[in-house]
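Me: Please take a close look at one part of this structure, the open sheet and what lies around it. I should like a connected account.

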There are 2 protein chains.
Amino acid sequence: MIRPGILARADIGRTREVMRVTLGEGKADLAIVNATILNVYTGELLNGHSVSIKGEWIAYVGDRPEHTIGPRTQVINASGRTLIPGLIDGHTHLADGFLVIDEFLKYAMRGGTTTIVTETIEPFPVAGYEGVTDFLDSLRNQPIKIFATAPPLVSISKKTLGIPKGTLKKLLSRDDVVGLGESYWQGVLQEPERFLPMFYETVRRGKRLEGHSAGAKGKKLMAYLVPGISSCHEPINAQEVLERLRLGVHVMIREGSIRSDLAAISKIKDAGVDLRRLMLVSDGVKPGDLLQKGYMEWVVQRAIDCGFDPVRAIQMASINVAEYFSLDGIIGGIAPGRYADLLIVPDPKSIKAEYVISNGKIIAEDGTLLVSPRKHTFSAKSRESINLPRALEPADFSLPVVKGTSHVNVRVIDQVTALVTKQVIMSMPVVGGQMKPEAGKDILRVAAVDRRYVPGKTFVGLIRGFGLRTGAIASSSAWDTSDIIVVGENEGDMAGAVNRIRDLGGGVVVFAKGAVLAEIPLPIFGIMADAPIHALAQEVEEIRKKMSELGFPFDDPILTLMTLTTAAIPFLRICEQGLVDLKDGKTVGLIAEEKA
Amino acid sequence: MIRPGILARADIGRTREVMRVTLGEGKADLAIVNATILNVYTGELLNGHSVSIKGEWIAYVGDRPEHTIGPRTQVINASGRTLIPGLIDGHTHLADGFLVIDEFLKYAMRGGTTTIVTETIEPFPVAGYEGVTDFLDSLRNQPIKIFATAPPLVSISKKTLGIPKGTLKKLLSRDDVVGLGESYWQGVLQEPERFLPMFYETVRRGKRLEGHSAGAKGKKLMAYLVPGISSCHEPINAQEVLERLRLGVHVMIREGSIRSDLAAISKIKDAGVDLRRLMLVSDGVKPGDLLQKGYMEWVVQRAIDCGFDPVRAIQMASINVAEYFSLDGIIGGIAPGRYADLLIVPDPKSIKAEYVISNGKIIAEDGTLLVSPRKHTFSAKSRESINLPRALEPADFSLPVVKGTSHVNVRVIDQVTALVTKQVIMSMPVVGGQMKPEAGKDILRVAAVDRRYVPGKTFVGLIRGFGLRTGAIASSSAWDTSDIIVVGENEGDMAGAVNRIRDLGGGVVVFAKGAVLAEIPLPIFGIMADAPIHALAQEVEEIRKKMSELGFPFDDPILTLMTLTTAAIPFLRICEQGLVDLKDGKTVGLIAEEKA
């Protein structure tokens with residue numbers, strides 16, 4: 001239950017106690033004997049080895065543990081079983097899965113994840129520095145270690161874009177902040193002068209620059225890497241992985257709720273190249289997946305099932321990650337002086353933890369959690385993040401046209417896949433000075449409503465391919481912005497959905513014919529719930545079901561909706577300031593000059 | 001000619017220029033085309049690849065460099081040859097080879113070494129913080145990058161022992177200081193409370209703890225590692241290497257003037273273990289070796305000749321070292337955004353650089369240096385380090401015995417090998433109140449004379465196995481102390497040798513029958529010369545020859561002499577405070593109570 005990071009080394013007395021156990025002058029609290037140890041440093045499986053633990057730390061590893069074991073030492077005989085290091089998720093978004101950390105950990109820890117590195121990009125645009133520190137406070141003093149990256153921050157909204165240098169410095173000076181979060185490559189190439197000073201502040205502290213180079217290749221990818229970007233979790237096949245590895249990038253293979261890239265990427269194992277710079281990461285796990293599949297134990301098992309050598313697979317979720325973040329002196333392997341974070345599994349190919357040990361404590365046994373994560377009390381401010389000055393009216397979502405004309409050419413967001421959008425120019429009829437998207441053509445209104453910087457500021461656009469035959473869906477979680485994002489077939493239901501979010505203090509709401517059909521209250525920052533995971537998973541499923549009934553064609557309506565505001569996924573996106581074409585990063589209005 | 005380290009990233013304008021070249025919007029200064037590139041990240045040899053360089057940095061790496069090449073780009077066609085990263089020496093003692101840095105670099109750079117990490121343990125005891133910073137200043141703004149570690153400092157003299165916390169913090173806050181220097185294991189186990197706070201200050205800054213675990217194994221080795229020691233350059237065989245690798249230690253294989261361990265250690269290549277944590281280091285190169293053999297190019301070639309796969313051997317002197325010191329974002333491989341530090345060699349098995357490129361400049365061609373290292377002017381204080389208040393008298397080396405007795409039992413340093421000593425208890429005749437070592441039994445006087453803290457304070461002991469039939473040898477370079485160390489057959493020549501050092505302001509002097517037989521002036525800190533390498537090599541050879549003529553039985557009299565004061569090598573050592581048995585670290589006098 002200690003603080004993450006190297007600060008424990010400050011406790012000289014405790015370190016000396018561990019040294020005394022190593023020498024046999026004191027006795028271990030816990031010893032696991034007769035195990036096969038997976039040594040991630042050498043890649044060996046060493047039979048008949050034991051680990052002795054004092055407090056949070058490993059005091060001894062080897063085949064002669066007797067001098068460390070006393071009458072009060074708890075001894076676990078692991079004969080026939082394998083000891084592996086605790087698993088590390090090197091890249092996730094803990095604030096993007098709706099769950100607050102204590103609820104998340106109840107289900108994340110039992111399978112063997114003992115360290116997490118999370119982005120903080122979500123609380124920053126909606127709640128600023130205080131929001132991020134409140135979020136970081138929620139991650140501290142948990143049974144496992146949680147580190148974070150500072151938000152860069154890439155946003156299509158100029159109001160939300162960036163992080164003040166002073167704020168960044170304060171965050172980077174924290175021991176639990178190990179880098180600068182993902183900086184989307186297009187933004188870096190479009191506005192290097194905005195990013196390079198932030199990058200410098202990060203690398204001069206010896207911390208990492210998280211990359212996000214989805215789809216980039218060749219000279220553009222290289223130009224993006226020049227200022228020191230050190231990782232990427234976006235490649236989706238072995239070729240993209242190999243290109244990045246060759247360029248000195250640490251590649252994170254993503255297997256989570258956003259994407260599952262392991263199967264396609266696993267071919268890299270046959271390329272005959274050094275895999276030391278590969279990591280396994282989740283990039284975020286939604287409540288349903290966490291319940292059904294598990295966390296990093298599931299990802300590592302997938303890697304093994306995809307044909308990775310078990311030793312390599314486990315290295316990719318332990319030492320490789322620890323080395324990447326320069327944390328290998330305290331975590332990532334089973335060696336003296338490291339935190340006692342380890343799992344007893346049946347064999348290296350079966351990542352089913354019989355025991356999960358974190359910071360020297362047995363925190364789970366056969367999938368049953370033995371400790372309780374700490375529940376954090378978020379500040380009143382963090383719980384009051386929906387600052388709309390008034391209820392919205394249907395008229396707030398109207399599309400007035402100034403000049404007297406019967407048609408107008410507009411830029412429409414074309415939802416071509418569940419996540420990718422394109423710009424399409426369409427001619428829109430004008431009736432009574434208002435655009436009237438034609439019924440039956442699947443042209444819906446989409447609006448972004450700022451809830452923080454200029455509360456109530458709204459931009460209304462059009463979207464095709466969202467499928468709703470009636471009603472509206474709104475979310476106060478909208479990637480990289482401080483917006484509420486809403487898509488609807490009519491202005492009344494759009495206003496109704498947003499107003500319901502205002503009443504809830506944040507949430508996702510499906511609203512049709514004047515009534516709430518389904519909702520997820522997200523009172524914390526407007527992005528996180530304080531509900532139990534089962535209730536949340538059910539609410540998420542209910543949203544999915546209702547949206548499907550309303551005609552939504554993809555699998556995950558919330559993800560499709562909340563990514564409409566991000567600069568991470570091409571091409572045409574929306575924020576409270578207008579439409580943004582990620583190809584050039586320019587903000588434009590709805591009316592296009594040229595004809596389709 | 002830039003400062004070492006990540007500070008170059010602060011130059012946003014320059015970074016943007018590099019990015020523009022990557023994209024083809026600007027043109028490279030230098031391009032090496034059609035090479036086979038050794039990619040240390042993947043372990044591949046990639047044919048037909050090119051590198052484009054802008055300023056100090058690599059802008060592009062790949063098989064389509066055309067867009068980066070303009071009319072003013074210097075193009076080197078490396079068809080049929082191999083491009084490898086500049087070589088890194090991860091552990092050396094630049095102040096222990098007598099040469100000042102500019103003279104050293106003239107011969108060290110031409111073979112392909114482009115980064116050095118040096119200890120600063122030598123200037124600290126004799127000149128303190130100001131001495132270390134003067135030394136560090138001499139390393140800055142050189143054609144290659146030089147990093148350093150702060151001195152811990154382990155000394156058998158209680159006066160010299162340790163480094164004030166404030167001094168350490170100032171050094172650790174420097175960008176060119178990447179860790180805390182070697183902390184001998186016995187000292188750490190004997191006085192952990194002295195070391196652990198220093199270790200904490202280091203690791204909390206994300207910097208490394210250099211280890212020195214010569215001969216340690218099992219539980220003692222593990223106890224030493226518990227507080228976070230991250231490396232060791234002392235193993236002398238594959239078994240010692242394997243034990244350390246398994247314990248998570250980064251192992252430095254030493255091949256230099258102090259020891260040559262590569263041949264014995266090379267068996268590790270057949271152990272089937274991950275070699276990512278192996279490094280090749282010199283641990284110090286003397287003038288003669290530098291002239292005859294070269295520097296890291298010689299070490300890497302030796303590794304290849306000892307059977308290491310060339311890719312692995314080169315990784316061990318490039319990316320493995322860069323990763324260990326968290327410098328892999330700027331050096332260690334050939335990738336965009338790294339410093340353009342690279343060599344063109346005939347093939348991966350032949351480390352004979354046709355071109356050496358450092359910070360984007362061609363600094364050597366076919367073994368001929370094209371740039372001049374910067375000559376540093378050391379401060380007057382650094383040049384006045386021999387603070388003896390008066391000339392010494394023969395009586396200063398007398399061995400008076402207080403009680404009236406014909407014999408006395410004394411502790412004698414037994415020089416059992418060139419470096420290892422043992423304690424032997426002997427009965428010594430007393431004549432006229434003075435001990436009289438019997439002639440012909442090879443019992444000589446040995447004395448340590450402080451030249452800084454209590455100038456002139458002298459302890460006189462006895463040594464066996466040094467072989468001198470007459471005369472004396474003295475050195476103001478005496479490991480880990482502020483002492484002048486002197487061994488002699490008679491008190492007069494001992495005084496003469498020390499007084500000559502006083503006149504020279506530092507040096508090594510062989511003195512017999514009232515006259516100087518050979519000497520090396522060492523005016524800088526009393527440990528470094530400002531003479532050219534050939535003169536120095538000749539002086540060193542002259543000392544060796546004279547000492548051999550006088551009866552000295554080992555190969556390197558200076559090394560044997562100057563290590564008499566170190567805690568790094570077992571067992572009985574001497575300083576101005578007395579004799580120290582490294583087994584318990586206690587300081588004792590010459591008179592032993594028990595009989596031999």
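Reply: Strands 7 (residues 113-118) and 8 (residues 145-150) of chain A run parallel and are joined by 4 bridges. Within this pairing, Ile116(A) has Ile146(A) of strand 8 of chain A as its bridge partner. In this predicted model, the two strands belong to an open sheet of 5 strands in chain A, with the order 6-7-8-9-10 and parallel pairing. Strand 6 (87-92) and strand 10 (208-212) of chain A form the edges, each pairing on one side only. On average, neighbouring strands of the sheet are turned by 25° against each other, direction ignored. Helix 11 (residues 296-305) of chain A packs on the sheet, where it touches strand 6 and strand 7 of chain A. The direction of helix 11 makes about 100° with that of strand 6 of chain A.

At the other edge strand, strand 10 of chain A, the loop that links helix 6 (192-203) to strand 10 contains Lys207(A). Lys207(A) has a relative accessible area of 18% and therefore counts as buried, the cut-off being under 20%. Beyond residues up to four places away in sequence, Lys207(A) touches Leu172(A), Ser173(A), Arg174(A), Val177(A), Val178(A), Gly179(A) and Thr202(A). One of these residues, Val177(A), offers its backbone oxygen to the side chain of Lys207(A) at 2.7 Å. Ser326(A) lies 119 residues from Lys207(A) along the chain, yet their C-alpha atoms are separated by 8.2 Å.

As to confidence, chain A averages a pLDDT of 95, and 98% of the residues score at least 70. The model has an ipTM of 0.95 and a pTM of 0.96.

Terms used. Residues numbered from 1 in each chain as written. Chains lettered and ligands numbered in written order. Predicted model: local features only at pLDDT ≥ 70, side-chain atom pairs only at ≥ 80, totals over all residues. Heavy atoms only, no water. Pairing = 2+ DSSP bridges. Axes fitted to C-alpha atoms, helices over the stretch in contact; angles between N-to-C directions. Contact = heavy atoms within 4.5 Å. pLDDT = per-residue confidence, 0-100. Buried < 20%, exposed > 50% of the residue type's maximum accessible area, 1.4 Å probe, protein only. Polar contact = N/O pair within 3.5 Å; in protein donor to acceptor, adjacent residues only side chain to side chain.
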